[in-house]
Structures are given as C-alpha cells and as structure tokens.
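The following exercises concern salt bridges and helix packing. Each task is followed by a worked solution.

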Amino acid sequence: AVCTGIKAKSIEDITAIIALYRPGPMDSIPKFIEWSQHPEKIRYKHESLRPILSVTYGCIVYQEQVIEIFRSLAGFSLGQADNIRRAMSKKKHAVIDAERKAFVYGDESRGIDGALRRGIPEETANSIYDEILDFASYAFNKAHAVSYAIVVYRTAYMKRHYPREYMAALLTSVLDVSAKVAEYIGECRELGIWLLPPDVNESDADFTVSGENIRFGLVAIKGIGWGAIRELVAERERGGPFRSFEDFCRRMSGKELNRRAVDNLIRAGAFDSLGYKRRALVQVAPLVLESVSRAEKDNVSGQLDLFGGFDEEEKTEPESIPIPEVEEFTAQEKMIMEKEITGLYLSGHPMDEYRERVRAAGVTPIGAIMGDFAAEDGPRRFRDNQLVTVAGVVVSARTRPTKNRSLMSYITLEDDSGSMELIAFQKALDAGGSYLTENAVLLVRGRISVRDEKEPQLMVDTIRPISDLREETRSAPPQPAPETKPQKLFVRLSGREDPLLLRLELLLTMFPGQEPLVIYLEKEQKRIGARCLIHPALVQELKELLGEENVVLK
C-alpha cells in the first residue's frame, strides 16, 4: 500500500520507503505520500531547509539530514552534529535541552554560530529543533537504506522479468529451511509456477527452470550426496538421457549411488517421466540392481583373453527383469513418501482438496500468523491471546504427563503456507486427542501464545477432523447471492491526516476482494470508495483498530 501510494519513481523513493516503514517514522507516511504526489503542498519552515529536505518531499527521514540541519542552519561541525544526533537517539534529555540553546543562539566556546546569527528567526529555529527531536530518535541511516533499496530494486526486477529463475535461485538458497521452502513454494503457486518432482533426466543439483515451471533439485533428496549427483549429471551429459530404469541402473553401476539412494529417487518420483509406476519400481528395483551387479562381477572375473583383451561376444548382459503390473500408490501415499524423502510435498499437498472450503470458512493460514510475528516492525494483523482457527496436517504429536498427572501434547501442524507448534492440554485431548495421528488433516481452534523469543504457538481449545468442516459447509443454510443482497462496510476516520488511514490500507491488502467499502473522512466530510473481501476477521480487526462505533456493516 505504501509503495503504490508513493508510486516510487527512483531508488531515492525506495530508500525513503525503507527508512519510513518502521515504528515512529510510519506516522509521517501519509504526509510523505501526499507531498510526494502534490509537491505544491510542501511547506518548509525555513528556505534553508529546502536543499536538505527536498529529496524527501520536506520530511526529515534520515540521520544524515539531521546532521546536515545542525551544520547548515546552526554552524555545528560534523562531529558536534553527530554527537547531538546520538544524544537524541538515546534520549539523553539533559544533553538535548542544553544543545537547544547552542542550536538557536550559538556557542562561541565551541565555534557554533547558532541559527539566529545565520538569519533564522528565534521562533522558527525552536520549531525546527522541536521537529528534529520528534524524528531524530527514529531517523534511519541513509547509507544503510540505500543499500537495502538497491537490493530491493534488483530482486523486484528479477522477480518481475525472470520469475522462474528468481524463484528457483531463492528456493535453492533456503533449501535447509523447510518452512521457508514451503513459503516460497506457496509464492510460486500464486505466480502460476508449479514445482515439478525431481527427474533423473532433467534435474540438476539445485532447483532449475523447466519450461514454465521449476524442477526440484536432486540435492534435497535424502541419501544422495554431492558425489552421486555429479556422477549422475556427468553420465547423462556423456551418454544422453536415461532410456529406462534398467539403463539407469546399468550406467550408474559402480558409482556412488547406492540402493537406498535409488529407492529414494523412485519414491520421490524421479522416474515418473519414463512411464513407470512408483510401486512397481519399488518392488522390482532390488532384482534389477542385483542383476546388474551380478553381470558386472561376471564380466570382471574371467573374461579376459591371454593378451589382456576383452571379448565383446562373451560379455555378460544383465538379466532382463520384467516390470510388474501393479496398482499405483494413491495420491496420499505419494505425498507422504515425498515428505519423508525430501521434507516437502511435491506432487500436491494434503490440504489441496480442502483449500477452497477452508478459505470460504475463514480459516487462518498458518503462514500468515508466522509471517506477521516474524516481521521486523512487529505483528500487525495478529496479537498475543487472539482466538484463531487453523487447519493442516499433523507432522508430529508428542504426549506426556504434567506435574499434576494430567496430559499435554506438543503438536506440529502444517498447511501449504507454513507450520506451527500447538500445545493441547487434558481438556482438549479428552475431546479430540483420538484424532492426533501422523498425517491426519485437522481443524484446530485456539489462542495465539507469544512468549519470550520463541516463535508463536497455539494454545488449543478444540481439535476436530477436517471432515467436520465439510459437514458444516454442507449443512449450513444457503446464503443470499451478493447480487440480491450485497454487503457494504463503512468505516470512519478523523481525516486524511489520520495515521490510522495507513494502518487501514495495510489491513485491506490482507483481504483482497470486490465487495464495497466506504471510508468517511470526518474533517474533510468526504467519502472514499474501496474494494475488499468483507470477512468477519476483517470486521473484527477494524473494530479493534478504529473502535466499534466507527465500523458499520450493512
């Protein structure tokens, strides 16, 4: 919302956004946006501020600007200006009060002219000092902000123009952090990019682009080391694509690829493109590998003639093992195998079939909670002790007795956006503990718990199977169509300068939709129209942000 509001035109604008988008400076964002779009509204307290603040549309944003104001307007040296900047950032009030006199009237003992001597009226000088005080404790170092801005611009450019290459590199960079990999896979889906399973004829070590999608890297498959990957890729480049499973086993025989690695390749789907069923290869792989190994031993053990030459006619070929016709693993079984072998679901996600119902029911994505609390400037959408409902797959569940001999469980629940630790006590376990089996898909209601430096957890109230959501959806009374009875959401703010306007804009980005929202600005007596998804969670958030009397749903 801030980026679109400012309509960034340069690295300078991106730099300012990075410096402003933090507690404190954030209150200046509405004014910054307004003045950036309407330069004629910019007002400087004194003309000498123009060359210092024009680049940020009249707002004090950077520490360097604070230093330059002290130098240019009052005659402080660089060192003196930096010292007062530090004192302000650390809120040393005695130093701050003492330096006001030097800023306005000067200090001959330190060679400081003061603003009065440089032609700035006393009242104006004090007003400028007050404004510096408001911002100095939050002002950001511009050198840092510029560095971040360049990285932001380059990554945004790559994501916009080369999304597949960018996301493949991003996935490779976080391969050891499964939560991040899951988050970025979700981002790929939003971009219309699918993660394809590993393939012996296409995959490299890392994630790579494959047509319009991204191919999974071999390095993420358990039991396959870098040496085996290098040999596999080298053999493929030397002899061409592998033509069959037997051809693969024969050409890779004697290399660093052991039986467990081959089995993991099968279960991860690396031979799917050759037309095999995974269940069939799992059954036949030991026989094929044994046949290839036996043929290799026969060829080494006695088929050299007297001159040390090899008689091709006497070469033993591996016994041809027929691939059995068997029923393939179910989609659920495939996903479970993929999760065990790579730490990720590749051919789909257990939540896929429930995604639309979960979204329609207002269930909160786990990634939204975890991402909100991981944000540098703190959570915006969620808070400690907030009641939420999540849905996901049970990754693990550990139950143990407490000191008072009741039971408690630590549960890891995962959806397609992330994972979260849940804590369930006796009351919740009595009603829903029987559902806590590995890979079960559950609907869980509870309160967010944030303690110390730990990631947020969920204190469980109820545990239910996801099928309960299906029954609720089926049995719920039909809702009137939007065309016959549309909802409209009204909110009231004090005016365009109200800092809550930005908070409102940010909140609306989390609920995209086409239902009407009317924002009434009391001071200007104007209405602003917007569109959003009118969801109970949005209405509740708005009431907490603006007050119940300022939010009306009709």
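**Exercise 1. A salt bridge across the chain**

In this predicted model, Arg236 and Asp204 form a salt bridge whose closest N and O atoms are 3.2 Å apart. Determine which parts of the chain the pair links, and classify Arg236 and Asp204 as buried, partly exposed or exposed.

Solution.
1. Arg236 belongs to helix H12 (residues 226-239), whereas Asp204 lies in the loop between strand E1 (195-196) and strand E2 (208-210). The two are 32 residues apart, and the pair thus links distant parts of the chain.
2. Arg236 has a relative accessible area of 11%. Buried means under 20%, so Arg236 is buried.
3. Asp204 has a relative accessible area of 32% and is therefore partly exposed.

**Exercise 2. A salt bridge within one helix**

Locate Arg250 and Asp247, and state how their side chains meet and which network they belong to.

Solution.
1. The side chains of Arg250 and Asp247 meet in a salt bridge with an N to O distance of 2.7 Å.
2. Both residues lie in helix H13 (residues 245-251), three residues apart, which is about one turn of the helix.
3. With 34% relative accessibility, Arg250 counts as partly exposed; Asp247, at 4%, counts as buried.
4. Through salt bridges that share partners, Glu235, Arg238, Arg243, Asp247, Arg250 and Arg251 are joined into one network.

**Exercise 3. A further pair and the total**

How many salt bridges does a search of the whole structure find, and how accessible are the partners Arg118 and Asp113?

Solution.
1. The search of the whole structure finds 36 salt bridges.
2. One of them joins Arg118 to Asp113, with the closest N and O atoms 3.0 Å apart.
3. Arg118 is partly exposed, at a relative accessible area of 39%. Asp113 also counts as partly exposed, at 24% relative accessibility.

**Exercise 4. Packing of two helices**

Describe how helices H5 and H6 pack, including the handedness of their crossing and the residues in contact.

Solution.
1. Helix H5 (residues 63-74) and helix H6 (residues 78-89) pack at an angle of about 125 degrees, and their axes are 9 Å apart.
2. This angle makes H5 oblique to H6.
3. The crossing of H5 and H6 is right-handed.
4. H5 contributes Gln63, Val66, Ile67, Phe70 and Arg71 to the contact, and H6 contributes Leu78, Ala81, Asp82, Ile84, Arg85 and Met88.
5. Sorted by class, the contact of H5 with H6 comprises seven nonpolar, one polar and three charged residues.

Key
Residues are numbered from 1 along each chain as its sequence is written. This is a predicted model: local features need pLDDT of at least 70, side-chain atom pairs count only at pLDDT 80 or more; totals for chains, interfaces and linings use all residues. Side-chain values use heavy atoms; hydrogens and water are left out. A salt bridge is a side-chain nitrogen of Lys or Arg within 4 Å of a carboxyl oxygen of Asp or Glu. Buried means under 20% relative accessible area, exposed over 50%, partly exposed in between (1.4 Å probe, protein chains only). Helices (H or I, at least four residues) and strands (E, at least two) are DSSP runs, numbered from the N terminus. Axes are lines fitted to C-alpha atoms, for helices over the stretch in contact, and angles run from 0 to 180 degrees between N-to-C directions. Angles under 35 degrees count as roughly parallel, over 145 as roughly antiparallel, 65 to 115 as roughly perpendicular and the rest as oblique. A crossing is left-handed if the near helix is turned anticlockwise from the far one by less than a right angle, and right-handed if clockwise. Contact means heavy atoms within 4.5 Å. Ala, Val, Leu, Ile, Met, Phe, Trp, Tyr, Cys and Pro count as nonpolar, Asp, Glu, Lys and Arg as charged, and the others, Gly among them, as polar.
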